[in-house]
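Please walk me through this structure, stop by stop. Tell me what to select next in the viewer and what is there.

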Amino acid sequence: MGRLVQEWDGHLDGVFSAMLSIPDIRSRATAFAERWKNEVSEDAEAKSFWDEFLEVFGVNRKRVAVFEKQVTKAGKKAGYIDLFWPGLLIVEHKSAGKDLSKAFTQAADYFEGLKDVELPRYVIVSDFQRIRVHDLEDGSEQEVTLADLPKRIDLFGFISGYVPRKFRDEDPVNVKAAELMGRLHDAIKATGYEGHQLEVFLTRLLFALFGDDTGIFNRDSFVSFLETKTREDGMDVGPQLSYLFQLLNTPVDKRPKNLDEELQAFPYVNGNLFAETLPTPHFDREMRDRLLECANFDWTFVSPAVFGAMFQGVMNAVERRNLGAHYTSEKNILKVVSGLFLDEIEEELAKARSSEHRLRALHERIAKMRFLDPACGCGNFLIVTYKELRRVEIQILLQLEALGKLSGKGQQVSDISALSRLSVHSMFGLEIEEFPARIAEVAIWLTDHLMNVELAAAFGGYFVRLPLSEGPTIQNTDALEVDWRKEVLDTEPDAEWFILGNPPFLGSRLMSSHQKQQVKRIADAIKDSGELDYVACWYLLAARAIQGTAIKVAFVSTNSVVQGLQVGILWKHLMVKCGIHIHFAHRTFRWSNDARGVAAVHVVIIGFAALRSPNPLLFDYTTPDSEPAVHRATNINAYLVDADNVFLPRLQRPLCEKPEMAFGNMPADGGYLLFTNEEKRSFISTEPQSKHFLRPFISAKEFLNNEVRWCLWLKDCEPSTLRSMPAVLSRVKEVQKVRRASSRPHLADTPHLFAQITQPDRVPYILVPRHSSESRAYIPMGFFTANSIAADSCLIIPKGGLYHFGVLMSSMHMAWVRYVCGRLKSDYRYSKDVVYNNYPWPDVTEAQQKKIEDLAQKVLDARANHPTSSLADLYHPTTMPPDLRKAHEALDKAVDACYRKEAFKSERERVEYLFGLYRKLTEGFGAEKAIYKRKRK
């Protein structure tokens, strides 16, 4: 193509010469196709072709694009881009019949000569009669003939602002946007501009950046403002932004009459977003460059639902960790939203498609829905909820139109706005931190705008809800210090309320003193409330707030809330005292994301209400990373099992007549009684007599990894013998110092002894590590003689035999463990009081017991076949040897058969059976009384 130079004049009109409806664009496209239907090849025609093409979509080319932009191509040669829209589009135009693939290659050669912020999302190549669109973001390529252009204007929605939005989990565009804003935040904060004023200032910038690319403002008008209205040294950026924010808070008719057209084009926003007067920040050249980098970034595909939390994390990852906030993907949020209300609404919509009355009733219902997130953070749960509701509304309206019951396709602006009965006023949030609360407000507003664009695209027209009137109600307050009923739910008593969210994840030992006091106050009447996780407060307050109502609740929590001690403490109160019933639940799955500083956590989702559900749904995961399988349950209990409600108590002895389990031996020695192999040899050379008192010391780590440590076991050492060993006595004195400085100084009275001694004197014992990796199909256990000292990182069964070992090493017992035991992160945390003592053992015949003993021995024999491999190696899911796997499979079948003749098809079936058996063993009198009654018999 020849050179058709026309430089970009940044002072001309706004990007859009007209904000057009879909029918208007289609009409213009028809006229354009008719005008250019005859083949042309003269170079002079190309400029007119693309000028008119952009006008079809209401875009003033002179404002955004340059013809024949000179760049340095790959290979260092000069080249000219036929049409260049920085950051969005490159067009390479050829004469009729030319190879469009070569044209694309030529366009790609220009990339090397562009800045990062100028690189396009789209490349269009054309020969007048064919127009081919390459989307470099998703790799797609689509072609349309000139004649078919009116039918395929959707391909060019990115030009007009009607952009299809596809959000992906952990989309890199969200991460990039957050990091850009994070760098800007750091630069501004470094000047001393911080705290409340910085947070408000950044949320205003966030609104402007989104508005510039999503149709709230004329496209790129904010970028143009920064480039043309501020100095390159940045000295006037602060005052100019303050003036712009003042304009955004001023009605158009109240603005200066001599205001230039570019500033006058900015809309009146209202909504209190720009109402507060802030000190003016001081910018320099580098800060201006960072702001321009943010402004030149394409915010069209940034998701408000996840960006806010990412931004918060980039700004202060430590603070975010302490507050328990977690970036959450839209896919995971939908699991909460779908179970809480969306599945029901979509099912109702499917049934109502042929009935105007039912469609309008459904529209009326969703218009009256209200949502409270009592730990809303940056509002991602409320955003996804609102977006899905608006999409349901659009489907309702489209169906009414299909039935001929909705007049006015192609209505004007006022009519389009009247179609929607939903507004962000339906969203309520409580958030303890100011900055996330402000981000939540802005993000919900932005989502409302994006959904208005979708509505306009569906029915034709242009719909921007400005100035903002009704906003979301996001209170900057501590949810645990607020009466949810009085402050929120009772403000609209006729509404259909839902409560949802992702409350903070903090274990009882990680809470601050203030948080512990909150738990104590809220759970005051509950026994052992000091063991509760912080998230329990949200469950308790929700349960109290919904008493006597049909309000439904759904929370995401770490899976600890349905494991170990939490169940007997929290859920017994919720279900027995508060009448709570679980309506749906997702069993443990991995809540993982790629955002910076966010680790994967294992969570559950629990939906509940103070009334029964006729159709409880249980979502089960084969692995924490798999997709769920849904199961219709009769009753979902607190362990998220389809079984009767049971609450396993702490038992001091086993429910069934089996050997008692005990903790291992606790040194509490500061390391002075423990030795490695090397230290042991050296110590014996110094103190030969000590070899009679050195015993193998077996912690979980040594046991699982074939490592060796030793300990001084002085239980039977006479005082005279101890005094005759100065090196030993020296270590004992060091232990005494450590214990005197500890929280239990009385232990210093016997510094030569372990702080806790449970070691059997003569009999062998089964050793069970208290913590074991979740990746193992079985918790490895083993036999030891009394000469080996078990550490307190282990549990021991002094009178345990092969039969007990065989049952404990079975899939049946492991199913119980996975559903009942507590977790450390995601690893198993085995407990004697809850897991072992409550385990319902099978009632076996002598023959069955003998078979299990024989198969248990084969498991031990299979282990012995691999003497150089540790138990960590043998029980790793990838490296477990075939003979050991086969031995375990045979043992599993034998143990299963002791419970029932019919084979178990899944772990879920095993657990449901075990809970049913537990219920029979304790029915009518509870676990403690069952033990007492059995002993009396």
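Two strands count as paired if DSSP finds at least two bridges between them. Helices (H or I, at least four residues) and strands (E, at least two) are DSSP runs, numbered from the N terminus. The model is predicted, so to speak of local features takes a pLDDT of at least 70 and side-chain atom pairs count only at pLDDT 80 or more, while totals for chains, interfaces and linings use all residues. Residues are numbered from 1 along each chain as its sequence is written, and side-chain values use heavy atoms, with hydrogens and water left out.

**The whole chain**

Begin with everything shown. The protein has 34 helices and 26 strands. Of its 937 residues, 55% count as buried; buried means under 20% relative accessible area, exposed over 50%, and partly exposed in between (1.4 Å probe, protein chains only). The accessible surface comes to about 39900 Å², and carbon and sulfur atoms hold 48% of that. These areas come from the Shrake-Rupley method with a 1.4 Å probe, and for residues only the protein chains shown count as cover. Among contacts (heavy atoms within 4.5 Å) with a separation of 6 or more, 74% are between residues 24 or more positions apart.

**Strand β12 and its partners**

Select residues 581-591, which form strand β12; 10 of its 11 residues are buried. Add residues 601-609, strand β13, which pairs with β12 in the antiparallel sense over eight bridges. Phe584 stands opposite Gly607 in β13. Next add residues 617-620, strand β14: here the pairing with β12 is parallel, over three bridges. On this side His586 stands opposite Phe619 in β14.

**The hairpin of β5 and β6**

Go to residues 130-135 (β5) and 140-145 (β6), antiparallel strands joined by six bridges. Val133 has Gln142 of β6 opposite. Four residues lie between the strands of this hairpin, and Gly139 takes a positive phi near 80 degrees.

Now select Phe111, in the loop between α4 (100-109) and β4 (122-126). Is Phe111 buried or partly exposed? Phe111 is partly exposed, with a relative accessible area of 24%. Not counting residues up to four places away in sequence, Phe111 touches Ile90, Leu119, Pro120, Val123 and Leu136. The C-alpha atoms of Phe111 and Val71 are 8.7 Å apart, with their positions 40 residues apart along the chain.

**Two helices, α7 and α8**

Select residues 195-214 (α7) and 221-229 (α8), which pack at an angle of about 115 degrees with their axes 7 Å apart. Axes are lines fitted to C-alpha atoms, for helices over the stretch in contact, and angles run from 0 to 180 degrees between N-to-C directions. On the α7 side are Leu205, Ala208, Leu209 and Asp212, which meet Ser221, Phe222 and Val223 in α8.

**The nonpolar cores**

A nonpolar core is a set of buried Ala, Val, Leu, Ile, Met, Phe, Trp, Tyr and Cys residues joined through side-chain atoms within 4.5 Å. The largest one has 126 residues, and those with the most contacts inside it are Trp484, Tyr539, Trp571, Ile606 and Tyr830. Helix α21 (residues 536-545) gives the largest share of this core, nine residues. Select Trp484: leaving aside neighbours within four places in sequence, its contacts include Pro374, Leu430, Trp538 and Ala545. Apart from this core lies another, of 105 residues, among them Leu248, Cys294, Ala458 and Tyr621.

**Two open sheets of four strands**

One sheet has the order β16-β24-β20-β22, with antiparallel pairing. Its edges are β16 (662-663) and β22 (782-784), each with a single partner strand, so one side of each has no neighbour in the sheet. Inside the sheet, four bridges join β20 (residues 765-769) to β24 (residues 794-797), and Val768 stands opposite Leu795.

The other has the order β17-β19-β18-β23, with mixed pairing. β17 (674-676) and β23 (789-790) are the edge strands. Two bridges join β18 (residues 694-698) to β23 in the parallel sense, and Phe697 has Ile789 as bridge partner. Add helix α23 (residues 677-686), which lies across β17, β18 and β19 (709-712) and runs at about 105 degrees to β17.

**Last stop: Ser810**

Select Ser810, in the loop between α27 (802-808) and α28 (811-820). Ser810 is buried, with a relative accessible area of 0%. Beyond residues up to four places away in sequence, Ser810 touches Tyr778, Asp892 and Val895.
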